[in-house]
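This report describes a predicted model. It begins with the ligand and then turns to the protein around it.

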Amino acid sequence: MTEDRIQIALGLIGWSSVMVLSALAMATGLAATPLDQLGMRPNGSCLWSWLYHHFVDSVGVGGYDAIQGALAPPLRLNFHMAGVLLLWASFVYFSDQQYGECVFSLPLSIWWSGLHSMCLYTLYFFVLNHLMDGVSVPGGPRASKIQRQPIWDDRLTTLDDEDKEKWKCMVAEESHEDTETKFPGKKLTGEPSGRQIWSRATTSASNHDKEKLIQEMALGGRSYSGFNPSKNPNSSDVIFRAHQIRKYLSIDGNVPPPATPPKSIQDCTRKAAHFYSMLQCSDGHFAADYGGPHFLMPGLVIAWYIMGKPSSCLNNDQIKLLKHYILVHQQSDGGWGTHIESPPTMFGSTLMYVAMRLLGVPKDDPAAVRGRKFLKENGGVLYTSSWSKFYLCLLGLMDWRGHNSVPPEMWLLPNWFPFHPGRMWCHARMVYLPMGYLYGSQFVYEDAETDATIQSLRSELYCENYINISWVKTRHWVSPLDDYSPIPLMMKTMQNLLACYENWDIFQPFKRFFREKGIKFSLKYIHAEDKQTNYIDIGPVNKVLNMISHYHATGNDLNDPTVVDHMMRVQDYLWIAEDGMKMQGYNGSQCWDTSFCAQALFEANLLDEFPGVSRKIWNYLERTQILSTEVSQSSPAYKYEANEYRNMYYRHISEGGWPFSTSAHGWPISDCTSEGLKAVLCLLRTKCIQDSLKDKRIVCISEQRLYKAINVLLTYQNEDGGWATYENNRGWGWYEQLNPSEVFGDIMIDYSYVECSMATLTALVDFREMYPHHRPNDIQQSINKGHSFLKSVQREDGSWYGSWACCFTYGTFFGIEGLVKCGESLDSTAIVRACKFLLQHQRKNGGWGEDFTSCYDKDYAKNGMKRYGDEGSGVVNTAWALLGLSIAKYDDVDAIRRGVQYLMKRQLPSGDWPQEGISGVFNRSVGITYTAYRNVFPIWALGRCYAVYGNVFNETE
Ligand SMILES: CC(C)=CCC[C@@H](C)[C@H]1CC[C@@]2(C)[C@@H]3CC[C@H]4C(C)(C)[C@@H](O)CC[C@@]45C[C@@]35CC[C@]12C
């Protein structure tokens, strides 16, 4: 009897341990799979990965990659399940052998374990794939719409002549030298190519007549009449363009494009290419204004202020231009938008107002009075969104209790944890990292209590008395103007629980212990990001927050080498245009624009006509590919290329990839790699590059390097067959339930996008055409999966939602091109529906137009590009639509002709096109400027239309 009891007890223990073990195995398998897809070996967080790694891989039979790669998702699940089943059966069998018969007989135990496994399998499959919704496709329905319009007073603003002419855009090595002379004894690390900074020039414009011509050319053949946001808040990049044209014309033999209007499509394309070639920088890249968002520069101003206003971070000349920018973008009601075309929001207004005051605009200046009126009419800054509240807390303009918790402890969660921050989209991850550090340290500007401006701001920003505010209650307050992504219930609940953790005494000893560890890890991680990016950092937000974090960590030491390293890279984000100085959304769009230029000229058959331009593009792409093995060992980035560090800091492999901007930035992106690769392949097919390679006038990009690019691209593919931006998708759609930012949509995970997928698929197809023997099966498999993905995200109406530019026209151009290159037949339903969608939206004047509201509302802008286009049409949208229709060889030649004639008609006398509405977008709600698009896409579209349809465009109507 006693023996029986012991047997049953032991059996039960055996059973429960089996259950726990298998649940654990399931959980780690489930949770760790996406994190293991870093394009490298498993990090040991998943039991099965660990087993493969140690047993299968060590015997050298192709290893983990081969197994993982070969297993399609359902199979992979089965693999996990088989493992669980085996473990289970053996355990039960073992206990059965040991402890006699009763319930644990062999057939029964197999039956039970089988049943149990089936149940878990079902749970696994359904929960993961259905309820958790593997990845939800961006572009789903959006309820709220932009209700208001931005309105500016009709006023012309101009920069002082001195400001227009005395600034010089320096690139590459010259830019490094300039910065290094300002920081004696310090050296910048990383590849200099592509770096672009604005510095005061010592020479001024000389010949007056020539200067007039240059200014006119920069404006497309019209004379400069200043900047008037009520006409168009998008600046035209006149200052940079004038600067480049001046440089170009100063070289003997260089002439501007002919003034006569082009008579044919080829003339028009050639003239456009000639004009655009004048803008190319000496290192081969195409520079341009990459501004737009209004919430970036205030972050920098706040950092500068907190750090004691060092002139090595921002000097007086820059401050003057930053103020100018803030003032010209203020709208009639006193507010500022989240970006240049947005109606005023509390997010934009709070930050711009604070920046304006910190830069020295007095409280009673009319702009400040109007700004304050706007803020107070909307409830004061207690109703601004969380990202601006964060900056207010740093400055001592808000109590940290008024901000929801950003616990740095989140980094201490085990990697397998379903909500580990390492699974977040890298931009969100890299912003919440320093936020966690600064929140955890409860950092506040050290002079806040004595600083007169801060004290005054405390009364300017609130409707109530600052000292009487019950901060904890205000944590969730947000104005409807900002509430694009209302905080979901799940996140609110979590924030409330965290508020207990932050404030209840009972948790404090526990919190102290873990907080310290979290802060320590965060700082280590921040440092790794700084080194990996040569202190540029992934984007403008974490750039500034990382700098403040180091300032804090070093005990507010401005001379600390890390803080100085950071300050040396501030210039990389600043840009001057006719609306003043702005902080850009990135350190530029160099590689992206340059890769497009190569492809546009290739399709227009002009690369050989502009051999100098082609060679310079080649050089840029050659120097910009990320090649860890060739990074000098002395570079701080070197160490972090090792897989050990990549694993530790959740980074995908980079070797072989191309970035969006510069090599020094160091973060490759799937579509930037693809566009870079396609550009190289185009160049390789031209005579001028082939000859230059033969006589060694340019450095060779070896086949091995192209293979590395292919490797990165293949590792980037998600399980759904699509491609995300920087990394594989590591989480699930439900993560969006934890989105803590009210102003951005879909920021929590890296989704598969039509743009990234099309770019990668077309790169794979182009590559296979030239190198059919390299990994043919992997490439074919990948193309097949990608092809199905593209079809799966096509919308009912035949369009695709564009996540990174405005909007359906962009997405649909990408969708069509992707399908066609994957071999979809031109008369298939998918292609015909997509082309019909485009045709339905062609406007009376022959063009196409959409503005930013399409992206925000997730609904085609009914009035087209109403405000800043031409009767609803815009040149960039028209070019995208033509590119889509012509790759599909759509047979409505009349529609194509009208589109082409529209582009030709809109070309300016200089060969340029006008700057219309904002083209780019991110996170659904923020517009971003792509100045180069107005040149490169029309060239490309005209080139392609001519190649596909021949000379049917020249008869005028
Ligand atoms: C952290 C937040 C909310 C703001 C900082 C801004 C960045 C998130 C974005 C600024 C530039 C973006 C848009 C960047 C630009 C290029 C695109 C793309 C065109 C290559 C696209 O196809 C893939 C995504 C992009 C990389 C982008 C991501 C988001 C930005 C970094």
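## Ligand site

An oxygen atom of the ligand lies 2.3 Å from an N or O atom in the side chain of Asp 671. The protein covers 99% of the 610 Å² of accessible area that the ligand has on its own.

The ligand is surrounded by 19 residues. The closest of these are Tyr 290, His 427, Gly 585, Phe 660 and Asp 671.

## Overall architecture

The protein comprises 957 residues, of which 63% count as buried. Its secondary structure comes to 36 helices and 8 strands. The accessible surface of the protein is about 34900 Å², and carbon and sulfur atoms account for 57% of that surface.

Contacts between residues at least 6 apart in sequence were also examined for their separation along the chain. Among them, 77% join residues at least 24 apart.

## The loop between helix 8 and helix 9

Helix 8 (208–218) and helix 9 (238–249) are linked by a loop that contains Asp 237. Lys 231 lies in the loop between helix 8 and helix 9 as well. Asp 237 is buried, because its relative accessible area of 0% is under the 20% limit. Lys 231, by contrast, has a relative accessible area of 53% and is therefore exposed, the limit for that class being over 50%. Asp 237 has a positive phi of about 65°, although it is not a glycine.

Lys 231 touches Asp 154 and Tyr 868, when residues up to four places away in sequence are not counted. With Asp 154, the contact includes a polar contact of 3.4 Å between the two side chains. Lys 231 and Tyr 801 are 570 residues apart along the chain, and their C-alpha atoms are separated by 28 Å.

## Gln 915 and its contacts

Gln 915 is placed in the loop between helix 35 (893–906) and strand 7 (920–922). With a relative accessible area of 12%, Gln 915 is buried. Its side chain forms a polar contact of 2.9 Å with the side chain of Arg 934.

Not counting residues up to four places away in sequence, Gln 915 touches Asn 232, Asn 234, Ser 235, Ser 236, Thr 931 and Arg 934.

## A second positive phi

Which residue other than glycine has a phi near 55°? This value belongs to Lys 309, which lies in the loop between helix 11 (297–306) and helix 12 (316–328). Lys 309 has a relative accessibility of 44% and so counts as partly exposed.

## Helix 29

Met 758 lies in helix 29, which spans residues 754–770. At 2% relative accessibility, Met 758 counts as buried. Apart from neighbours within four places in sequence, Met 758 is in contact with Lys 678, Leu 790, Phe 814, Glu 817 and Gly 818.

Met 758 can also be related to Lys 821, which is 63 residues away along the chain. The C-alpha atoms of these two residues are separated by 8.9 Å.

## Cysteines

How many disulfides does the structure hold? The number is 0. Cys 268 is in no disulfide, and the nearest cysteine sulfur, that of Cys 945, is 11 Å away. Cys 756 is likewise in no disulfide; here the nearest cysteine sulfur belongs to Cys 672, at 8.0 Å. Both distances can be set against the cut-off for a disulfide, which requires sulfur atoms within 2.5 Å.

Cys 268 counts as buried, at 0% relative accessibility. Cys 756 also counts as buried, at 1% relative accessibility.

## Aromatic pairs

The structure holds 63 aromatic pairs. One pair is formed by Phe 852 and Tyr 856, whose ring centres are 6.0 Å apart and whose planes meet at 55°. The pair is tilted because this angle is neither under 30 degrees, as for stacked rings, nor over 60, as for edge-to-face rings.

Phe 852 is buried, with a relative accessible area of 3%. Tyr 856 is buried too, with a relative accessible area of 15%.

Terms used. Residues numbered from 1 in each chain as written. Predicted model: local features only at pLDDT ≥ 70, side-chain atom pairs only at ≥ 80, totals over all residues. Heavy atoms only, no water. Helix = DSSP H or I, 4+ residues; strand = E, 2+ residues; numbered from the N terminus. Buried < 20%, exposed > 50% of the residue type's maximum accessible area, 1.4 Å probe, protein only. Polar contact = N/O pair within 3.5 Å; in protein donor to acceptor, adjacent residues only side chain to side chain. Contact = heavy atoms within 4.5 Å. Near = heavy atom within 4 Å. Areas by Shrake-Rupley, 256 points an atom, 1.4 Å probe, with all protein chains shown as cover. Phe/Tyr/Trp six-rings, centres within 6.5 Å; stacked < 30°, edge-to-face > 60°.
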